[in-house]
Amino acid sequence: MKEVRINGVSTTVADGTTVAAAILNAVTEGFRLSVSGERRFPLCGMGTCFECRVTIDGVRHRRSCQTVVENGMEINTD
């Protein structure tokens with residue numbers, strides 16, 4: 001099991017879980033906002049659409065569907 005923080009809230013996820021799956025299990029308000037203010041969610045699940053971009057450990061625009069959770073990660077949507 002891995003412990004991470006998503007938008008400041010601690011959560012535990014199984015080993016091998018992607019960041020996108022961890023967010024979908026913990027957060028319902030989306031991954032980011034479009035330029036027009038609409039909530040965005042992953043579309044393709046394989047890194048092609050870039051809709052799953054989040055900030056991980058201070059690095060913006062990381063593709064969460066292609067990133068496996070590591071213990072202690074700080075994940076921020078939007």
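In what sense do β5 and β6 pair, and over how many bridges? Hi everyone, let me start there, keeping in mind that this is a predicted model. The two strands run antiparallel to each other, and three bridges link them. One facing pair to look for is Arg-53, which sits opposite Arg-63 in β6.

Now to the turn. The β5–β6 hairpin has two residues between its strands. Asp-57 belongs to that loop, with β5 covering 53–56 and β6 covering 59–63. If you like checking backbone torsions, here is one for you: Asp-57 is not a glycine, yet its phi is positive, at about 50°. For background, most residues other than glycine have a negative phi. As for the surroundings, Asp-57 is partly exposed, because its relative accessible area of 48% falls between the 20% and 50% cut-offs.

There is another torsion to check, this time within a strand. His-61 is found in β6, and its phi is positive too, near 65°. His-61 has a relative accessible area of 46%, so it also counts as partly exposed.

Let me finish with Arg-40, over in strand β4, which spans residues 39–40. Which residue does the Arg-40 side chain join through a polar contact? The partner is Glu-51, at 2.8 Å between the side chains. These two are 11 residues apart along the chain, and their C-alpha atoms are separated by 6.3 Å. Leaving aside residues up to four places away in sequence, Arg-40 also touches others, including Gly-30, Phe-31 and Arg-32. With those contacts, Arg-40 is still partly exposed, at 27% relative accessibility.

Thanks, and I'm happy to take questions!

Conventions: Residues are numbered from 1 along each chain as its sequence is written. This is a predicted model: local features need pLDDT of at least 70, side-chain atom pairs count only at pLDDT 80 or more; totals for chains, interfaces and linings use all residues. Side-chain values use heavy atoms; hydrogens and water are left out. Helices (H or I, at least four residues) and strands (E, at least two) are DSSP runs, numbered from the N terminus. Buried means under 20% relative accessible area, exposed over 50%, partly exposed in between (1.4 Å probe, protein chains only). Two strands pair if DSSP finds at least two bridges between them. Contact means heavy atoms within 4.5 Å. A polar contact is a pair of N or O atoms within 3.5 Å; within protein, one must be able to donate a hydrogen and the other to accept it, and residues adjacent in sequence count only if both atoms are side-chain atoms.
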